[in-house]
Amino acid sequence: MNSIPEQVLPEQVRQWVGASLGPQTAVLSSHPLKGSTSSVLHRLHLQLGGTRKDAVVRLFNHMEWLQMEPDLARHEAAALSYVTESGLPGPAVLAWDELGECSGIPAVLMTLLPGEVQLKPEEMELWLQGLAK
């Protein structure tokens with residue numbers, strides 16, 4: 001497994017995304033997303049045949065955590081699938097590479113949800129109540 005810089009989407013990951021979504025897929029561009037402490041997130045602008053779509057790839061680059069729990073990508077994919085199956089709003093899994101055998105690093109590819117990460121919400125009590133619901 002490779003350790004990757006946060007700002008760069010490795011070519012091997014780009015190739016894995018294309019292979020996972022089909023031969024008509026190309027990664028047009030990517031940029032890092034803020035808010036993750038246990039991995040690197042990139043927003044991808046994709047060309048899927050004649051359609052443009054955005055997605056997110058989560059790259060598990062925290063090597064110490066991966067040594068203790070090498071199946072983090074599989075657990076993430078399973079949790080996202082569970083959320084989708086339950087009918088709750090959440091990103092849908094498009095692909096995952098549990099051990100990084102194809103992408104070079106454990107990875108989960110998912111749909112993009114609109115919104116932004118708020119690590120410190122303005123109304124913490126209201127935010128916690130919504131989270132508990």
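**Helix α1 and its surroundings in a predicted model**

The cover over the buried residues of helix α1 includes β1, β2, β3, β4 (93-97) and β5. The structure described here is a predicted model, and helix α1 is a good place to begin a tour of it. The buried residues of α1 are V13, W16, V17 and G18. Directly after the helix comes G22, which has a positive phi, near 120°.

With this helix as a landmark, the overall fold can be laid out. The protein contains four helices and five strands. Following the chain from its start, these elements appear in the pattern α-β-β-β-α-α-β-β-α. The radius of gyration is 15 Å, close to the 14 Å given by the globule rule for 133 residues, so the protein is as compact as a globular protein of that length. The C-alpha trace spans about 45 × 40 × 30 Å along its principal axes. Of contacts between residues at least 6 apart in sequence, 48% join residues at least 24 apart.

The surface can be described in a similar way. About 8,500 Å² of the protein is exposed, and carbon and sulfur atoms supply 54% of that area. Charged side chains number 9 positive and 15 negative, with the centres of the two sets lying 8 Å apart. Buried residues, for their part, make up 35% of the 133 residues.

What, then, is found in the interior? In soluble globular proteins, nonpolar side chains tend to be buried together. Here, the largest nonpolar core has 15 residues, and those with the most contacts inside it are V17, L44, V57, L59 and L109. At least two residues of this core come from each of α1 (11-21), β2 (40-48), β3 (51-59) and β5 (107-111). A separate core of nine residues lies apart from it, with L41, F60, L80 and V108 among its members.

V57 offers a closer look at the contacts around one core residue. Leaving aside neighbours within four places in sequence, V57 is in contact with L9, V13, W16, V40, L41, H42, L44, A107, V108 and L109. Two of these partners, V13 and W16, are among the buried residues of α1.

Another buried position is A73, which sits in helix α3. Its relative accessible area is 0%, so A73 counts as buried. Beyond residues up to four places away in sequence, A73 touches F60, W96, D97, E98, P106, A107 and V108. One of these partners, D97, is 24 residues away along the chain, yet the C-alpha atoms of A73 and D97 are separated by 6.8 Å. F60 and V108, also touched by A73, are members of the nine-residue core.

Not every residue is hidden to this extent. P32, in strand β1 (residues 25-33), has a relative accessibility of 28% and therefore counts as partly exposed. Between P32 and P10 there are 12 Å from C-alpha to C-alpha, and the two are 22 residues apart in sequence.

Further out, two loop residues complete the picture. P89 belongs to the loop between α3 (72-86) and β4. With a relative accessibility of 75%, P89 counts as exposed. P89 and M68 are 21 residues apart in sequence, and their C-alpha atoms are 30 Å apart in space. E122 lies in the loop between β5 and α4 (124-132). The relative accessible area of E122 is 83%, so this residue is exposed as well. From E122 to G50, which are 72 residues apart along the chain, the C-alpha separation is 41 Å.

Notes. Residues are numbered from 1 along each chain as its sequence is written. This is a predicted model: local features need pLDDT of at least 70, side-chain atom pairs count only at pLDDT 80 or more; totals for chains, interfaces and linings use all residues. Side-chain values use heavy atoms; hydrogens and water are left out. The radius of gyration is taken over C-alpha atoms; the globule rule is 2.2 Å times the number of residues to the power 0.38. Buried means under 20% relative accessible area, exposed over 50%, partly exposed in between (1.4 Å probe, protein chains only). Contact means heavy atoms within 4.5 Å. Accessible areas come from the Shrake-Rupley method with a 1.4 Å probe; for residues, only the protein chains shown count as cover. Lys and Arg count as positive and Asp and Glu as negative; His and the chain ends are not counted. The place of a charge is taken as NZ of Lys, CZ of Arg, CG of Asp or CD of Glu. A nonpolar core is a set of buried Ala, Val, Leu, Ile, Met, Phe, Trp, Tyr and Cys residues joined through side-chain atoms within 4.5 Å.
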